[in-house]
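Dear colleague,

I am writing to hand over the structure that you will be working with. Please open it below and keep it in view while you read the notes that follow.

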Amino acid sequence: MKHGGVEWGKEPEKIEDFSVNLNPLGTLPRIRELIEEGVKKRVYEYYPPQNYRKLKEFIAELYDVDEELIGVFNGSSEAIKLLDKKCFVPEPNFSEYPRAKSYLAIEKENEFEYHLQGDCVITSNPVNPTGSYIKEKEILDFLSSGRELILDESFADISLISSSIKYTKDFDNILVISSFTKSLSIPGLRLGFTVGKYSKRIEEKAPPWRINSLVYYVFVNLDPKEVREFFRKSREAVKRLIEELKTTRVKFKVYNTVAPYFLAEFPIPSSEVNKILRQYRFQIRDSEGFIGLRITHGRISLRNNIEELITLLNEIL
């Protein structure tokens with residue numbers, strides 16, 4: 001399992017999928033309405049605008065940043081693939097970053113501690129898959145030293161950390177990469193974005209019409225205030241789930257987290273755990289592809305029915 005999710009052909013398999021880290025509140029209802037509206041208006045019969053100006057205006061208002069700092073892409077993965085330099089990556093971390101060198105985070109009793117090393121660092125924040133985060137003071141000190149930082153904040157909108165997008169106003173040496181995949185539970189609607197002076201350079205290498213017309217229609221008609229309020233409620237939901245997890249009896253190790261997922265360690269390889277779970281139509285993310293994780297590690301998303309999964313895990317372990 002290189003990434004989370006369920007492989008499907010003509011239609012998705014019905015499974016309780018804890019391998020993907022989506023918003024526990026699900027999809028914003030207004031998005032479903034706009035999808036139906038866009039299909040009725042047959043917006044798919046039109047090319048989207050090539051400059052994506054209205055789309056950037058939406059993102060700029062949502063995050064209170066200058067529109068000129070924003071780039072839009074077919075998911076954050078496209079932005080990552082278009083990066084033209086390799087940097088240091090603290091591990092464990094997302095597998096798709098262009099690495100010049102990997103170095104290990106410090107594993108403590110129930111968390112991984114991450115630090116920024118080298119002249120250029122790429123990392124997720126909060127960190128995928130461990131649920132840890134880079135302390136804000138360390139980010140500021142790193143930027144103030146003039147070194148380059150690329151932060152993937154794909155989970156930040158629904159996590160218990162402060163976004164670093166605000167630093168793009170004062171520092172030219174930071175690029176924030178993000179998407180709405182996780183925060184709005186829409187992995188099938190591909191929309192990623194970057195914030196920072198480096199955005200224009202990346203967009204120059206991106207293909208035209210990379211955002212389809214239906215996605216464009218949905219987002220230019222969303223109210224940023226409604227999305228911001230949805231994110232606030234989502235963070236409250238994630239905080240509640242994390243607190244409940246801390247008091248739940250488990251037969252495996254649980255690491256501290258600030259994210260809508262957590263790292264676990266089992267007495268057997270997580271791939272073997274998954275084989276058993278799939279018999280019950282459940283799935284988690286095993287450790288494949290993550291540098292620095294043991295084969296007994298696994299990542300589990302925090303969904304509202306997490307107790308159901310934990311009960312099953314306690315029975316089979």
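The buried residues of helix 6 pack against two other helices, namely helix 1 (29–40) and helix 2. Please bear in mind that the model is predicted. Helix 6 spans residues 213–220 and is mostly covered, with 6 of its 8 residues buried. The buried residues of helix 6 are S213, V215, Y216, Y217, V218 and F219. At the start of helix 6, the backbone nitrogen of L214 has a side-chain oxygen of N212 within 3.0 Å.

One of the buried residues of helix 6, F219, also has a place in the largest nonpolar core. That core has 55 residues, and F219 is listed with Y63, F180, L184 and F231 as touching the most other members. Helix 2 (residues 53–63) gives the most to this core, contributing 6 residues. In soluble globular proteins, nonpolar side chains tend to be buried together.

F180 is a useful residue to select in your viewer. Leaving aside residues up to four places away in sequence, F180 touches F58, I59, L62, Y63, S185, I186, L191, F193, F219 and F231. Apart from the largest core lies another core, of 20 residues, which includes L241, A264, F282 and L312.

Helix 2 also meets helix 7 (residues 224–246): their axes come within 9 Å and cross at roughly 50°. Because an angle between 35 and 65 degrees counts as oblique, helix 2 is oblique to helix 7. The crossing of these two helices is right-handed. On the side of helix 2, the contact is made by F58, E61, L62 and Y63, while helix 7 provides P224, V227, R228 and F231. Two of these residues, Y63 and F231, were named above among those that touch the most other members of the largest core.

Finally, I would draw your attention to E91, which lies in strand 3 (residues 87–91). Is E91 buried or exposed? Its relative accessibility is 1%, and a residue is buried when this value is under 20%, so E91 counts as buried. The side chain of E91 is joined to the side chain of S102 by a polar contact of 2.6 Å. S102 is also among the residues that E91 touches when those up to four places away in sequence are not counted; the others are R99, Y103, L104, A105, Y114 and I291.

Yours sincerely,
A colleague

Notes: Residues are numbered from 1 along each chain as its sequence is written. This is a predicted model: local features need pLDDT of at least 70, side-chain atom pairs count only at pLDDT 80 or more; totals for chains, interfaces and linings use all residues. Side-chain values use heavy atoms; hydrogens and water are left out. A nonpolar core is a set of buried Ala, Val, Leu, Ile, Met, Phe, Trp, Tyr and Cys residues joined through side-chain atoms within 4.5 Å. Buried means under 20% relative accessible area, exposed over 50%, partly exposed in between (1.4 Å probe, protein chains only). Helices (H or I, at least four residues) and strands (E, at least two) are DSSP runs, numbered from the N terminus. Contact means heavy atoms within 4.5 Å. A polar contact is a pair of N or O atoms within 3.5 Å; within protein, one must be able to donate a hydrogen and the other to accept it, and residues adjacent in sequence count only if both atoms are side-chain atoms. Axes are lines fitted to C-alpha atoms, for helices over the stretch in contact, and angles run from 0 to 180 degrees between N-to-C directions. Angles under 35 degrees count as roughly parallel, over 145 as roughly antiparallel, 65 to 115 as roughly perpendicular and the rest as oblique. A crossing is left-handed if the near helix is turned anticlockwise from the far one by less than a right angle, and right-handed if clockwise.
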